[in-house]
Amino acid sequence: MTRIEGRIVRGIAGFYYVATEHGIIECRARGKFRKDNITPLVGDIVEIQMINDSEGYILNILPRKNELTRPPVANVDQAIIVCAIARPELNRVLLDKMIVLAESNDIEPVICINKVDLKEDREAFDLVTIYQKIGYKAVVTSTVTKEGIEELKSYLKDKVSFFAGPSGVGKSSLINSIQSNIKLQTGEVSEKLLRGRHTTRSVELLSLDFGGYVLDTPGFTALTLDIDKQDLRYYFKEFLELQKGCKFSSCLHVNEPDCNVIKAVEEGLIDKNRYLSYLFLLKELKEKEKRRY
Ligand SMILES: Nc1nc2c(ncn2[C@@H]2O[C@H](COP(=O)(O)OP(=O)(O)OP(=O)(O)O)[C@@H](O)[C@H]2O)c(=O)[nH]1
Ligand SMILES: [Zn+2]
């Protein structure tokens, strides 16, 4: 039988479900990668040997672009970072931390400010403008009025994405709004707990009608930055060009003389809150390093 390529969309109890041009093929792992202790992950592009029309086995795992452990998934293109404009209250540091998590994992962040139906002022739109100016895709949405849903869909098209963000911001509701045949559990945290949402289960890439995949499980749940404090400045995209103008190449933009980033904050070229998030996260990383030694 033939050898073909596909993407693992689900893995459960030693079986891997591989999306191919011939549909979903149920596979077991048999390739020599097992000797190297490599386990196939959802998201992996694999080469499979067909046994019959619907079954096969995995021969080879193609090199991964990236790999996350919580949830276990490989080759993610995009993180849709969701915050709510209210209920729960928006947390800028958390938003910026998730952007850093995305950047440091080579995942493109897309910022989504949800629940815009709850606030009539311009806050959500002003926020989106800040991130768009930096060069990010950013969208204001509501799963109630459906505002922004088409724009969100255009960002998901032909990409492998997951949603990330605090509990209750509407991640599951947004995924459900994208496609009518997807029905993830939504609701208040307490209700979900009663329904046992913390029982361990496998992650799955949901196929989108218009092309692309969305993970059925939120990403970045661990929220720990695994980077050196010296590197944080490279994950604030708007610092990249400006920090070349700092007097010292090692400048961390805290209180060093002739810091071009601080100057840019004062001149309004860098958003003040972005800079405050940077300082907050830098402090967090410094404290983490101190604890290590
Ligand atoms: N007003 C308003 N409520 C929303 C919107 N989107 C979601 N909600 C509500 O917010 C609550 C949480 O939504 P979920 O989709 O379950 O949130 P989640 O981010 O998946 O939450 P976790 O699973 O806990 O991480 C639910 O009661 C939703 O009905 C929105 O755009 N506007
Ligand atoms: Zn500086």
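Which residue in β13 is the bridge partner of Val160? The partner is Tyr213. The points below place that pair and some other features of this predicted model.

1. Strand β11 and β13. The pairing of Val160 with Tyr213 belongs to a contact between strands in which β11 and strand β13 (residues 213–215) run parallel. This contact consists of 2 bridges.

2. Strand β11 and β8. Strand β8 (residues 78–84) is also parallel to β11, and 4 bridges join the two. Within this pairing, Ala79 stands opposite Phe162 of β11. As background, strands of a sheet pair through backbone hydrogen bonds, in either a parallel or an antiparallel manner.

3. Burial of β11. Strand β11 covers residues 160–164, and 5 of its 5 residues are buried, so the strand is largely enclosed by the rest of the structure. The burial applies to both faces: Val160, Phe162 and Ala164 are buried on one side, and Ser161 and Phe163 are buried on the other. Val160, whose bridge partner in β13 is Tyr213, thus sits on a covered face.

4. Lys171. This residue lies in helix α4, which spans residues 171–178. Is Lys171 buried or exposed? Its relative accessibility is 11%, and because the cut-off for buried is under 20%, Lys171 counts as buried. Apart from its neighbours within four places in sequence, Lys171 is in contact with Val82, Phe163, Ala164, Gly165, Pro166 and Pro218. Among these contacts, Phe163 and Ala164 are buried residues on opposite sides of β11.

5. Barrel. A closed barrel is formed by 5 strands in the order β1-β2-β3-β5-β4, and the pairing is mixed. From one strand to the next, the twist averages 55 degrees. Strands β1 (residues 3–12) and β4 (residues 45–50) run antiparallel and are joined by 5 bridges. One of the paired positions is Ile4, with Ile48 of β4 as its bridge partner.

6. Zinc site. Which residues coordinate the zinc ion (ligand 2)? The donors are Cys246 (SG), Cys251 (SG), His253 (ND1) and Cys259 (SG), at 2.1 to 2.4 Å. Along the sequence, the donor residues follow the spacing C-x4-C-x1-H-x5-C. Of the donor residues, Cys246 and His253 are both buried.

7. Zinc geometry. Why is the arrangement around the zinc ion (ligand 2) tetrahedral? The 4 donor atoms subtend angles of 104 to 117 degrees, and four donors count as tetrahedral if all angles lie between 85 and 135 degrees. The arrangement is therefore tetrahedral.

How values were computed:
Residues numbered from 1 in each chain as written. Chains lettered and ligands numbered in written order. Predicted model: local features only at pLDDT ≥ 70, side-chain atom pairs only at ≥ 80, totals over all residues. Heavy atoms only, no water. Pairing = 2+ DSSP bridges. Axes fitted to C-alpha atoms, helices over the stretch in contact; angles between N-to-C directions. Donors = N, O, S within 2.8 Å, 3.2 Å for Na, K, Ca; no water. Tetrahedral: all angles 85-135°; square planar, octahedral: opposite > 155°, others 65-115°. Buried < 20%, exposed > 50% of the residue type's maximum accessible area, 1.4 Å probe, protein only. Contact = heavy atoms within 4.5 Å.
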